[in-house]
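Open the model in your viewer and keep the selection tool handy. We will go from one helix to its neighbours and finish in the core.

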Amino acid sequence: MKSVLKNSLYLLLRFALVAFLSFTSYLLAAKYEFVSYILVVIYGFALLYFFSYTLWYEGDRDTNRVKIGQAPETLWKGFVSAAIVLIPIIIALAVSLFFISSTGPASEVWGLVRIILSSGGFYLFYVLFPLSPVGATVAVIFLYLIAIVCAGTGYILGYKRISVKETLKTRFSGIFRKNN
């Protein structure tokens, strides 16, 4: 359980980094609409990459711990670590959907909660869905669910020592090689 919480802390720090980068890009996205499409893709891939790579590394380390008998084999750790970070955020975002059409202080508070918990991605998704904050919030929730799956898959691949990066490198290295 201790290593699951440690992994969750690592993911929370990566989540905060992506949130910071996303928040800082909002002014650029608001000024130039075409940039927001690019930033949403970059934001999504950065989140998925950070989650999957972080837990790939932890899965790779856990392989050694299991081999020497220091830890039991637990392939679910990646899913649980990501869920600890993202499920409370997903629940809060889902609750905020009920307050989108209402007015008053509760609507404003939940609107602020929605913006903060979507880690800036809501801003960028809002640019993509200007008339539908519900669509933007659902898109962010969907992205977070995909991040949980990517984190768990990354942990399993790391545990089995399957490197996607090395596989891609060997497949595409022949393309860039000069023929003499």
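Here is a short tour of this predicted model, one selection at a time.

**Stop 1: helix 1.** Select residues 2-24, which form helix 1. The end C-alpha atoms of helix 1 lie 33 Å apart, in agreement with the 33 Å that 23 residues should span at 1.5 Å a residue. Now colour Val4, Asn7, Ser8, Leu11, Phe15, Val18, Ala19 and Ser22: these residues of helix 1 are buried. While you look at the spacing, recall that an α-helix has 3.6 residues a turn, so residues three or four places apart point the same way.

**Stop 2: helices 3 and 7.** Next, select residues 33-67 for helix 3 and residues 133-159 for helix 7. Their axes are 6 Å apart and meet at an angle of about 30°, which makes helix 3 roughly parallel to helix 7. The crossing of helix 3 with helix 7 is right-handed. In the contact between helix 3 and helix 7 you will find 16 nonpolar, 6 polar and 3 charged residues.

**Stop 3: helix 4 against helix 7.** Keep helix 7 and add residues 77-97, helix 4. Here the axes come within 8 Å and cross at roughly 175°, so helix 4 is roughly antiparallel to helix 7. The contact of helix 4 with helix 7 holds 22 nonpolar residues, 5 polar and 1 charged.

**Stop 4: the core.** Which residues touch the most other members of the largest nonpolar core? Show Phe15, Leu47, Phe51, Leu86 and Tyr144 as sticks: they do, out of 22 residues in that core. Helix 1, helix 3, helix 4 and helix 7 each give two or more residues to this core, and helix 7 gives the most, with 8 residues.

How values were computed:
Residues numbered from 1 in each chain as written. Predicted model: local features only at pLDDT ≥ 70, side-chain atom pairs only at ≥ 80, totals over all residues. Heavy atoms only, no water. Axes fitted to C-alpha atoms, helices over the stretch in contact; angles between N-to-C directions. Helix = DSSP H or I, 4+ residues; strand = E, 2+ residues; numbered from the N terminus. Parallel < 35°, antiparallel > 145°, perpendicular 65-115°, else oblique. Left-handed = near helix turned anticlockwise from the far one by under 90°. Nonpolar A, V, L, I, M, F, W, Y, C, P; charged D, E, K, R; others polar. Expected span 1.5 Å × (residues − 1). Buried < 20%, exposed > 50% of the residue type's maximum accessible area, 1.4 Å probe, protein only. Core = buried A, V, L, I, M, F, W, Y, C linked by side-chain atoms within 4.5 Å.
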